[in-house]
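Q: Please take a close look at the sheet in this model. I would like to know how its strands are arranged, and what lies against and around them.

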Amino acid sequence: MTIQLRPATLGDHEAIAALVPRLRAFGVAPLRPAEALDNAERETLERALSAPDAEAVLLVAELPSVGLVGVAYGQTVTDYFTREQHGHLGILAVSELAEGQGVGRALLAAVESWAHGRGYRFITLNVFAANVRARAVYERAGFALDTLRYYKEIPPPDASRAGHSP
């Protein structure tokens with residue numbers, strides 16, 4: 001099956017928005033309700049569509065006779081430690097219908113090519129720890145683990161101790 005990649009256009013808005021829930025299809029994301037995840041991803045994609053940034057790329061994937069089945073958003077970011085600019089894959093979503101057909105790999109390669117064309121030395125991405133399928137795709141594509149982020153939920157203050165010093 002031929003995968004066609006192209007820059008996203010305003011006419012893709014609805015199809016791209018329909019892919020947003022796929023970004024959390026792996027399950028629950030700690031600390032974040034599904035609505036917050038969807039809203040943040042939708043806002044980023046809408047901003048990329050309505051006000052394209054010269055330092056970013058928004059690509060879509062289409063399958064003949066199916067239509068738009070994937071989206072990828074790459075952007076320029078600055079490394080916290082070195083201050084080096086590099087490519088960052090901010091969003092990669094593939095419809096359930098196209099899952100396992102190479103759409104994600106094709107979009108990933110296209111964003112990597114975009115970053116290479118800009119002269120960046122590396123590309124980064126973030127992925128939820130529970131998103132095992134996506135992590136496997138990234139590892140097969142040559143991505144390696146860089147940092148780990150830990151979290152610990154803190155219980156709300158005990159109402160009965162309110163106003164008392166420890």
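A: Glycine 70 stands opposite valine 94 of strand β4. In this predicted model, the two strands concerned, β3 (residues 67-78) and β4 (residues 85-94), run antiparallel and are joined by 9 bridges. They belong to an open sheet of 5 strands, ordered β1-β2-β3-β4-β5, in which the pairing is mixed. At its edges lie β1 (4-7) and β5 (123-125), each of which pairs on one side only. On average, and with direction ignored, neighbouring strands of the sheet are turned by 30° against each other.

Helix α2 (residues 34-50) packs on this sheet, where it touches β2 (56-63), β3 and β4. The direction of α2 makes about 85° with that of β3.

The nonpolar residues come next. In soluble globular proteins, nonpolar side chains tend to be buried together. The largest nonpolar core here has 22 residues, of which Leu89, Val103, Leu107, Val111 and Tyr138 touch the most other members. Two or more residues each are given to this core by β2, β3, β4, α3 (103-117), β5 and α4 (132-140). Helix α3 supplies the largest share, 6 residues. Leucine 107 illustrates the contacts with the strands: leaving aside residues up to four places away in sequence, this side chain's residue touches Leu5, Leu59, Val60, Ala61, Gly70, Val71, Ala72, Leu92 and Ala93. Glycine 70, the residue opposite valine 94, is thus also one of the contacts of leucine 107. Apart from the largest core lies another, of 16 residues, which includes Leu19, Leu45, Ala56 and Leu68.

Charged side chains also link parts of the chain, and the structure holds 7 salt bridges. Arginine 6 forms one of them with glutamate 62, with 3.1 Å between the closest N and O atoms. Because arginine 6 lies in strand β1 and glutamate 62 in strand β2, this pair ties together parts that are 56 residues apart in sequence. Arginine 6 is partly exposed, at a relative accessible area of 24%. Salt bridges that share partners join Arg6, Asp12 and Glu62 into one network.

A further salt bridge involves the helix that packs on the sheet. Aspartate 38 pairs with arginine 24, the closest N and O atoms being 2.8 Å apart. Aspartate 38 is in helix α2, whereas arginine 24 is in the loop between α1 and α2, so that the pair links distant parts of the chain, 14 residues apart. The two partners differ in accessibility class: aspartate 38 is buried, with a relative accessible area of 10%, and arginine 24 is partly exposed, with 26%.

Arginine 118 and glutamate 55 also meet through their side chains in a salt bridge, at 2.7 Å from N to O. Since arginine 118 lies in the loop between α3 and β5, and glutamate 55 in the loop between α2 and β2, the pair ties together parts 63 residues apart in sequence. Both partners are partly exposed: the relative accessible area is 33% for arginine 118 and 34% for glutamate 55.

Two loop residues deserve mention for their backbone. Most residues other than glycine have a negative phi. Serine 65, in the loop between β2 and β3, has a positive phi of about 70° although it is not a glycine. Serine 65 counts as exposed, at 84% relative accessibility. Leucine 31, likewise not a glycine, has a positive phi of about 75°. Leucine 31 is located in the loop between α1 (13-19) and α2, and is partly exposed, with a relative accessible area of 48%.

Finally, there are the aromatic rings. The whole structure contains 4 aromatic pairs. One of them is formed by tyrosine 80 and phenylalanine 81, with 5.0 Å from centre to centre and 90° between the planes, an edge-to-face arrangement. Tyrosine 80 and phenylalanine 81 are both exposed.

How values were computed:
Residues are numbered from 1 along each chain as its sequence is written. This is a predicted model: local features need pLDDT of at least 70, side-chain atom pairs count only at pLDDT 80 or more; totals for chains, interfaces and linings use all residues. Side-chain values use heavy atoms; hydrogens and water are left out. Two strands pair if DSSP finds at least two bridges between them. Helices (H or I, at least four residues) and strands (E, at least two) are DSSP runs, numbered from the N terminus. Axes are lines fitted to C-alpha atoms, for helices over the stretch in contact, and angles run from 0 to 180 degrees between N-to-C directions. Contact means heavy atoms within 4.5 Å. A nonpolar core is a set of buried Ala, Val, Leu, Ile, Met, Phe, Trp, Tyr and Cys residues joined through side-chain atoms within 4.5 Å. Buried means under 20% relative accessible area, exposed over 50%, partly exposed in between (1.4 Å probe, protein chains only). Rings of Phe, Tyr and Trp (its six-membered ring) pair if their centres lie within 6.5 Å; planes under 30 degrees apart count as stacked, over 60 as edge-to-face and the rest as tilted. A salt bridge is a side-chain nitrogen of Lys or Arg within 4 Å of a carboxyl oxygen of Asp or Glu.
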